[in-house]
Amino acid sequence: MKKIIIATKNKGKAKEFKELFAAYELDAISLNELDGIPDVEETGSTFKENAALKAEQIASMLSLPVIADDSGLMIDALDGKPGVYSARYAGEDKSDQANIDKVLTELHNVPETKRTAHFICVLAVAVPGSATTYYIGYCHGRIAHSPIGKNGFGYDPIFIPKGFQQTMAQLSPEEKNAISHRRNALKELEASLNKQDILLDR
Ligand SMILES: O=c1[nH]c(=O)c2ncn([C@@H]3O[C@H](COP(=O)(O)OP(=O)(O)OP(=O)(O)O)[C@@H](O)[C@H]3O)c2[nH]1
Ligand SMILES: [Mg+2]
């Protein structure tokens, strides 16, 4: 099976990319499967900048084509927060539980109709010697009043996708992968997947 490298150390993302790329008969290799890859500092102020930093630094380190995902949750009542800081919203230790608690506290007293939010995923494709390309996907929904469900990762237990009555964490992996921001970004990339030199033969 051909391989593709995804510059992430997030186990939830890595699992979803394995599942999503399997549909294209591609094996998505995350940084957790490679030895000695340092963390890339996410110093950008936009999803695009951070996705580029991750993809380009790892691509130049490995001299191989690399895809990176920078993603997050944007809540309308919080002026788009947690946004680019989604992973570290409640602190540097990147605790999903603490992030969820912080969001629910901030949305305390915000009524149903004002709890709208969306996930965003920006994929950056870095190929050594070529200009980096970008693909964006969204998933719209609203924030629940309490966490429910055990699937997924991050804010999934408090995110109810549009058209659903359950949280993302109550959906099966197949259901999430059919509607997620990551899926929608990958749909944009799909057309150039075979055109671009981003697949590894070994
Ligand atoms: O409920 C969720 N379902 C999702 O599908 C999802 N996608 C992103 N997020 C949140 O946004 C941060 C990304 O930050 P991020 O792109 O910097 O990734 P990260 O730091 O976790 O790993 P890496 O890929 O950088 O190694 C994550 O940690 C999560 O908090 C999600 N939450
Ligand atoms: Mg990160």
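Is Asp79 buried or exposed? In this predicted model, Asp79 is exposed, because 8 other C-beta atoms lie within 10 Å of its own, and a residue counts as exposed when that number is 12 or fewer. The legends below begin with the whole chain and then turn to close-up views.

**Figure 1. The protein chain as a whole, with five helices and six strands.**
Read from the N terminus on, the elements of the protein chain follow the order β-α-β-α-β-α-β-β-β-α-α. The C-alpha trace spans about 50 × 30 × 25 Å along its principal axes. A compact globule with 202 residues would have a radius of gyration near 17 Å, and the protein chain, which has 17 Å, therefore agrees with that expectation. Of the 202 residues in the protein chain, 35% are buried. When contacts between residues at least 6 apart in sequence are considered, 56% of them join residues at least 24 apart.

**Figure 2. The open sheet of six strands.**
The strands are arranged in the order E2-E1-E3-E4-E5-E6, and their pairing is mixed. At the edges stand strand E2 (26–30) and strand E6 (159–161), each with a single partner strand, so that one side of each is left without a neighbour in the sheet. On average, and with direction ignored, neighbouring strands of this sheet are turned by 40° against each other. Helix H5 (residues 181–193) packs on the sheet, where it touches E3, strand E4 (116–126) and E5, and the direction of the helix makes about 150° with that of E5.

**Figure 3. Strand E3 and its partners E1 and E4.**
Nine of the 10 residues of E3 are buried, so this strand is largely enclosed by the rest of the structure. Strand E1 (residues 2–6) pairs with E3 in the parallel sense over two bridges, whereas E3 and E4 pair in the antiparallel sense over 10 bridges. Val66 can be followed from one pairing to the other: this residue of E3 is the bridge partner of Ile5, and Val66 in turn has Ala126 in E4 as a bridge partner. In a regular strand the side chains alternate between the two faces of the sheet.

**Figure 4. The pairing of E5 with E6.**
Strand E5 (residues 133–143) and E6 run antiparallel and are joined by three bridges. Within this view, Ile143 stands opposite Phe159 in E6. Ile143 is also one of the residues that Val103 touches, and Val103 is the subject of the next view.

**Figure 5. The surroundings of Val103 in helix H3 (residues 96–106).**
Val103 is buried, because 24 other C-beta atoms lie within 10 Å, and a residue counts as buried when that number is 20 or more. Leaving aside residues up to four places away in sequence, Val103 touches Ile75, Pro82, Ile143, Tyr155 and Ile158. Of these contacts, the one with Tyr155 joins residues 52 apart along the chain, and the C-alpha atoms of Val103 and Tyr155 are separated by 9.2 Å.

**Figure 6. The loop between E3 and H3, with Asp79 and Pro82.**
Two backbone features can be examined in this loop. Asp79 has a phi near 55°, a positive value in a residue other than glycine, and Asp79 is exposed, with 8 other C-beta atoms within 10 Å. The peptide bond from Lys81 to Pro82 is cis, and its omega is near 0°. Pro82 is also among the residues touched by Val103.

**Figure 7. Glu25 in the loop between helix H1 (11–22) and E2.**
Although Glu25 is not a glycine, its phi is positive, at about 55°. Glu25 is exposed, with 8 other C-beta atoms within 10 Å.

**Figure 8. The shell of 22 residues around ligand 1.**
The closest residues to ligand 1 are Thr8, Asn10, Ser86, Ala87 and Gly154. Strand E3 (residues 66–75) gives the most to this shell, with five residues. By character, the residues around ligand 1 divide into six nonpolar, nine polar and seven charged.

Notes
Residues numbered from 1 in each chain as written. Chains lettered and ligands numbered in written order. Predicted model: local features only at pLDDT ≥ 70, side-chain atom pairs only at ≥ 80, totals over all residues. Helix = DSSP H or I, 4+ residues; strand = E, 2+ residues; numbered from the N terminus. Rg over C-alpha atoms; globule rule 2.2 N^0.38 Å. Contact = placed C-beta atoms within 7 Å. Near = placed C-beta within 6 Å. Nonpolar A, V, L, I, M, F, W, Y, C, P; charged D, E, K, R; others polar. Pairing = 2+ DSSP bridges. Axes fitted to C-alpha atoms, helices over the stretch in contact; angles between N-to-C directions.
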